[in-house]
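Me: I want the reasoning behind the labels on this model. Take them one at a time and keep it short.

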Amino acid sequence: MLTLNQAANILKQDQLLREIVIGDDWRFEVPANLKDRRLQFLSYDSRHIAPDTLFICKGLHFNEKYLEDAIDKGAVACVTENVYTGKDQNQVVQLVVNDVQKAMALLAREFYNNPQRELKVIGFTGTKGKTTSVYFTRHLMNEVFDHKVAQLSSIAECLDGEHFEEAHLTTPESLDLFRMMRQAANNGMKYLIMEVSSQAYKKSRVYGLHFDIGVFLNIAADHISPVEHPSFEDYLYCKSQLMLNSSKVVINRECPYYDLLAQKALAAGNQVISFGSSQSNADYRYVVDSPHEFHVATFSSQQPQLTGRFKINIPGTFNDSNALAALVVGRQFSDDTAAFAKGLEKTTVPGRMEMLSNQRGLLACVDYAHNYLSLNESFKYMKNTYPNGRLIVVIGAAGGKAESRRKDIGEALAKYADVAILTSEDNFFEDPHKIDEEIKAHIDNPDVEVHINVDRAKAIQDAFNMARPGDVMFMAAKGREQFMHEKGRDIPYVGDYQLTQKLMREYDE
Ligand SMILES: CC(=O)N[C@H]1[C@@H](OP(=O)(O)OP(=O)(O)OC[C@H]2O[C@@H](n3ccc(=O)[nH]c3=O)[C@H](O)[C@@H]2O)O[C@H](CO)[C@@H](O)[C@@H]1O[C@H](C)C(=O)N[C@@H](C)C(=O)N[C@H](CCC(=O)O)C(=O)O
Ligand SMILES: Nc1ncnc2c1ncn2[C@@H]1O[C@H](COP(=O)(O)OP(=O)(O)OP(=O)(O)O)[C@@H](O)[C@H]1O
C-alpha cells in the first residue's frame with residue numbers, strides 16, 4: 001500500500017515528477033485532503049484493476065481508452081508522461097512524470113515494501129547462457145540452502161522453491177518483478193537467481209534494484225533492430241549496467257570487452273571476480289577432463305578457494321563455463337563444494353541441449369541456439385563429438401527483429417551443417433519463405449544440402465525421413481516452446497522436443 005503523498009514524494013526524490021494534475025488544477029504538492037488517500041493496488045493493465053488503483057499509463061501501444069477503462073473500474077490516480085484531458089479528467093489524480101518506466105520501478109519497489117532487502121539477489125546477463133546458468137545456480141544453491149532459492153528466467157518463474165510458472169519475458173516488467181520478489185520473500189525464500197536481459201536496462205525494468213552479485217557471461221552482436229537496440233554499442237551499454245549495480249561482479253575473463261566491464265565495476269566501487277578456461281588468467285579456471293566433466297582451480301589469494309571435479313549432464317563445452325559461473329556465485333555464500341557438485345549433476349534445462357536417441361541409432365539434439373555465438377558453439381560441439389555422421393539442422397529465424405541473425409545462421413550452417421532444413425520460427429508479421437530465402441543466400445558452401453519447408457512440424461519430419469543411423473539431427477531455436485508468434489497472436493505448436501520424442505518412438509516401431 002502507498003498513500004498518494006508517498007507516491008508523489010518517491011517520484012520527487014528521483015526528480016521524476018513534473019506536475020500533479022487534477023482537472024484544471026496544476027500543482028506540485030498533493031492537496032491536503034488527498035495526502036492520505038490510500039492506493040491499494042498498482043497496475044499497468046486496465047484489464048486488471050481493483051478499487052483505489054494507481055494506474056500506470058505506459059507502452060508503445062498505449063491508448064487513452066485504457067485509462068478511461070481503468071477509471072471506470074476504480075483507478076483513482078495515474079502515472080503518465082502525457083496529460084490526459086478527456087471526459088474523465090476530473091475523476092483522476094495525474095502524476096505526470098519524465099519517465100514512466102523509471103517511475104513504475106520506484107513505485108513498485110516501495111509498494112511491495114522493498115523485497116530486495118529480504119533476498120540476496122543474483123543477476124545473470126550475457127548474450128547466451130543466462131537461462132542455463134540460472135538453472136545451474138538454483139540447483140547447486142538448493143542443495144545447500146534447503147530449497148530457499150527463487151528463480152526468474154525466460155522459461156519459468158519459481159517463487160517458492162517448488163512450483164514453476166511459465167514466464168513471458170526474460171526479465172519481467174518492474175511492477176511484476178517487485179511483486180514476484182515480495183511473493184518469494186513471503187514464501188521464505190532467501191535467494192533470488194534471475195536473468196537480466198539488455199531490455200531490462202533499456203526499459204528500466206530493474207531500475208532502482210541493486211544486485212548482490214551480477215554475472216556477465218559473454219557478449220556478441222544480437223538483438224539489434226528497430227524494436228530492440230539501435231546498435232551493438234547500445235546493446236553492450238545496456239548489459240554493462242549490471243556491472244554498476246552489483247556489489248560483486250563475476251565476469252567471464254575471455255569475454256570481449258572484459259576490460260571495459262571490469263573498469264565500470266571498479267569505478268562504481270564494486271568487487272570484480274573473474275572466471276574462465278585454463279587458457280585464461282582468470283581468478284577461477286576450469287579444465288575440461290571429458291565431454292561431461294571438468295575440474296576447477298583457484299588462482300587468486302583474494303578469493304575463496306574453489307577446487308574440485310564436477311560433472312554436468314548438459315552437453316556442450318560452453319556449459320562447463322556456465323557451470324563454473326554458477327559455482328563461483330555459490331562459493332560466495334558457502335564452501336560446500338560437494339553439495340554444489342550434486343546440484344550441478346542434477347541440472348537439466350528444458351529445451352537446452354536435450355539429447356534424444358532411439359534403438360535404431362537415430363540421434364537428435366533439441367536446443368535453443370538461434371544466433372551466431374550459440375550456433376557456432378553448439379554445432380562445433382556436435383561435429384567434434386559425432387564426427388562420423390551428418391549434421392542435419394532444422395532452423396528458422398524470427399521475423400521483425402534481430403535481422404542480423406539471418407546472415408549469422410546462414411554462415412554457421414555453411415561452416416558446420418551437412419543438411420539444412422530451413423523452416424519457420426516466430427514469424428511475427430513476416431513471410432517465413434522470405435526469411436528462409438535470406439538465410440539460404442548466406443549459405444555459401446555448395447556442399448550443404450539446403451531444403452525449405454515453412455511448416456515446422458513437417459520440417460522436423462523431413463529430418464527424420466532423411467536421417468540414417470549415426471547422423472545427428474539438430475532442432476534449433478524453439479526448445480520446448482509450444483507456441484509460435486504469428487501475426488500478433490500466439491499459435492499453438494506441438495514443440496520441437498515433444499515432436500522429436502514422439503518421432504523417435506515411432507521410428508523404433
Ligand atoms: C519493448 C518492451 O519492453 N515491450 C514490453 C512492454 O511493452 P509496452 O510497454 O510497449 O506495452 P505495449 O505492449 O505497447 O502495451 C501498452 C500498455 O497498454 C496496456 N493495456 C493493453 C490493453 C488493454 O486493454 N489495456 C491496457 O491497459 C498494457 O498492459 C501495456 O502496459 O511491456 C509489455 C508488458 O506490459 C511487454 O509484453 C512488452 O514486451 C515485448 C512484447 C517483448 O517481447 N519485448 C522483447 C524485445 C524483450 O523485452 N525481450 C527481452 C529478452 C531479450 C533477450 O533475449 O536478451 C526480455 O527481457 O524478455
Ligand atoms: N556460454 C555460452 N556460450 C555460447 N553459447 C551458449 C552458452 N550457453 C548456452 N549456449 C547456447 O545458447 C542456447 C541458449 O542458452 P540459454 O537459454 O541458456 O541462453 P540465454 O542467454 O538465456 O538465451 P536467450 O537470451 O535466447 O533466452 C543454448 O541452447 C546453447 O546452444
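Reply: A residue counts as near a molecule if its C-beta atom, placed from the backbone, lies within 6 Å of it. The model is predicted. By that cut-off 21 residues surround ligand 1, and Gly59, His61, Leu169, Thr170 and Ser197 come nearest.

Me: What makes up the shell around ligand 1, by class?
Reply: It has 6 nonpolar, 9 polar and 6 charged residues. Gly is counted as polar under the scheme used.

Me: Which helix gives the largest share of the shell around ligand 1?
Reply: Helix α6, residues 198-202, with 3 residues.

Me: Which residues come nearest to ligand 2?
Reply: Gly129, Lys130, Thr131, Thr132 and Ser374, out of 23 residues around ligand 2. Elements that give two or more residues to this shell are α4 (130-144), α9 (318-331) and α11 (372-385). The most come from α11, with 4 residues. By class the shell around ligand 2 divides into 6 nonpolar, 11 polar and 6 charged.

Me: Why are α1 and α3 called oblique to each other?
Reply: Helix α1 (residues 4-13) and helix α3 (residues 100-111) pack at about 130°. Over 145 degrees would be roughly antiparallel, and 65 to 115 roughly perpendicular. The angle fits neither range, so the pair is oblique. Their axes are 10 Å apart. The crossing of α1 past α3 is right-handed.

Me: How do you know which residues of α1 and α3 meet?
Reply: Contact requires C-beta atoms, placed from the backbone, within 7 Å. On the α1 side these are Gln6, Ala7, Ile10 and Leu11; on the α3 side, Ala103, Leu106, Leu107 and Glu110. The contact divides into 6 nonpolar, 1 polar and 1 charged. Glu counts as charged, and Glu110 is among the residues of α3 in the contact.

Me: Where does UniProt place the feature "binding site"?
Reply: At Ser46, Thr170, Thr171, Ser197 and Arg205, according to an unreviewed entry.

Me: Why do these positions not all gather at one spot?
Reply: They span 160 residues in sequence, and the farthest two C-alpha atoms are 26.2 Å apart, so one spot does not hold them all. Of these, Thr170 sits in the loop between β12 (165-166) and α5 (174-186). Thr170 is also one of the residues nearest to ligand 1.

Me: What does UniProt annotate at residues 125-329?
Reply: The unreviewed entry has "domain: Mur ligase central" there. In the model the span is 33% helix and 25% strand, and its end C-alpha atoms lie 13 Å apart.

Terms used
Residues numbered from 1 in each chain as written. Chains lettered and ligands numbered in written order. Predicted model: local features only at pLDDT ≥ 70, side-chain atom pairs only at ≥ 80, totals over all residues. Axes fitted to C-alpha atoms, helices over the stretch in contact; angles between N-to-C directions. Parallel < 35°, antiparallel > 145°, perpendicular 65-115°, else oblique. Left-handed = near helix turned anticlockwise from the far one by under 90°. Contact = placed C-beta atoms within 7 Å. UniProt positions renumbered as here; feature names shortened; annotations may be inferred.
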